[in-house]
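Colleague: I would like a close look at a single part of this model, the surroundings of the ligand, before I turn to anything else. Please take me through it in one connected account.

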Amino acid sequence: MSDPGIAEKLVEVLHRPDGDPTMRPVHTIGISATGYFKPSPIARNFCAADHFNAEKTDVIVRFSNGSGCAIVHDGWSDVRGMAVRFHLSDSTDTDLIAMTLPEFFAPTPETFLEFAEAARPKPYEAETPWQKILNYLQLMLPKRDPYPGETISPDEGAIGFADNNAYSQLGILQAAQIGAPTSYVRAAYHAVHTFVVTGSDGTRRWVRFSWQPIAGVLRTDPTKTPDDDYLRAELRARLAKEPARFSLMMTIGEVGDDFGNSSRPWPPHRKRIMMGTLTLNAVPEDQFAQCEKLSFNPGLLTDGIEASDDPVLKVRIASYKISSEWRGGSPCPFSEG
Ligand code: HEM
């Protein structure tokens, strides 16, 4: 049983000194876009939720940089986020929040708190060329040089944590190599946790969702510098010309897969179902109300989709509500109780 105060401690520890208390403590810089979702013809067999049955469902999506730094650095190697809100036919909503890492850093709220404390940004000390050579000789990868103007970084704490905590190694290794996308719509995003879906015949399945960009994944534009602010302008220019699309893929877990621990991958040959296509075609004018103030929550589910027993998914419901209240966001779906 988790400490009841842990949801709040998590939000506290995620705040960076170069963040802004009126903005999100992580995934601080972002942009929203609107469009619609159309289910595939077989989706309803696997999930009876409204958006897999309706012909078309309106959506709002917020793309973001994972860092809690409030200054735009689109060229930083960083996890990116994609939060999707489906506006269902009975006027309720459901959210699907995803990021570019396929696995999370920790199996429980307590271990994630330990990780987040260890990974608090510390002054970034560049290695000298001699230290780099010494590292190579000891078969260790040298540290990257700090980005221009980068004075603090979570890297050292995170990597030190991975040395001592095997469960975090996959997530931290993937995060260390992730790079920067050329566009928010040229990255794949993963909802990471296991959800339980009920099909039209009542069968329940343990599944994980991912968004695959139809334009393909394209990482790291060598013409960009780390300080560039290009991702939001790129999305506006792209959507003004043509829509961007993603496929929603659902992987079905099998007996023996870890359903309650999002730091553990499933075998790659699991059955995947194409659940539908998301089309984005506009960027809302009012980015303050329709992006900055918006409050998503991974617990905002609908009939046909349930949370698994993953304790990290459960703590996020409370943490996002607290964070939304602290930053003065539009009411979190869980604020009324
Ligand atoms: C215990 C684990 C986690 C904690 C405590 C946590 C905490 C937070 C908080 C406090 C926010 C800001 C919420 C707001 O102010 O509206 C946030 C945003 C976000 N988180 Fe997490 N998070 C966790 C795990 C994850 C995971 C596993 C994912 C990926 C599936 C994820 C993806 C995101 C994204 C994409 C956003 C931005 C949402 C938006 O655009 O509004 N987080 N997180």
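Which side chain has an N or O atom 2.7 Å from a nitrogen atom of the ligand?

Modeller: The side chain is that of Tyr320, where an N or O atom is 2.7 Å from a nitrogen atom of the ligand; please keep in mind throughout that this is a predicted model. Tyr320 lies in helix H9, and helix H9 spans residues 311-327, being one of the elements that give two or more residues to the shell around the ligand. The others in that group are helix H1 (6-14), strand E3 (80-87) and strand E4 (93-99), but it is H9 that gives the most, with eight residues.

Tyr320 also deserves attention for the metal, since the iron atom of the ligand has Tyr320 as its only protein donor, through the OH atom at 1.9 Å. Besides the nitrogen atom of the ligand that pairs with Tyr320, there are oxygen atoms of the ligand to consider, and here two arginines enter the picture. Arg24 places a polar side-chain atom 2.7 Å from an oxygen atom of the ligand, while in the side chain of Arg62 an N or O atom is 2.6 Å from an oxygen atom of the ligand.

Looking at the shell as a whole, 28 residues are found around the ligand, and those that come nearest are Arg24, Arg62, Tyr320, Ser323 and Arg327. By class, the shell around the ligand is made up of 17 nonpolar, seven polar and four charged residues.

Strand E4, which I named above as a contributor to the shell around the ligand, returns when one turns to the enclosed spaces computed from the protein atoms alone. There are four cavities of 30 Å³ or more, and the largest has a volume of about 80 Å³. E4 provides the largest share of the lining of that largest cavity, namely three residues. The residues lining the largest cavity include Thr94, Asp95 and Leu96, together with Phe86, His51 and Phe195, and by class this lining has eight nonpolar, two polar and one charged residues.

The second largest cavity holds about 60 Å³ of space, and among the residues that line this cavity are Ile29, Asn65, Cys69, Trp76 and Asp78. Its lining divides into four nonpolar, three polar and one charged residues.

Notes. Residues numbered from 1 in each chain as written. Predicted model: local features only at pLDDT ≥ 70, side-chain atom pairs only at ≥ 80, totals over all residues. Heavy atoms only, no water. Near = heavy atom within 4 Å. Polar contact = N/O pair within 3.5 Å; in protein donor to acceptor, adjacent residues only side chain to side chain. Helix = DSSP H or I, 4+ residues; strand = E, 2+ residues; numbered from the N terminus. Nonpolar A, V, L, I, M, F, W, Y, C, P; charged D, E, K, R; others polar. Donors = N, O, S within 2.8 Å, 3.2 Å for Na, K, Ca; no water. 1 Å grid on protein atoms, 1.4 Å probe; cavity = no way out; pocket = protein on both sides within 12 Å on 5 of 7 lines; lining within 4 Å. Points joined across faces, edges and corners; volume = space filled by probe spheres on them.
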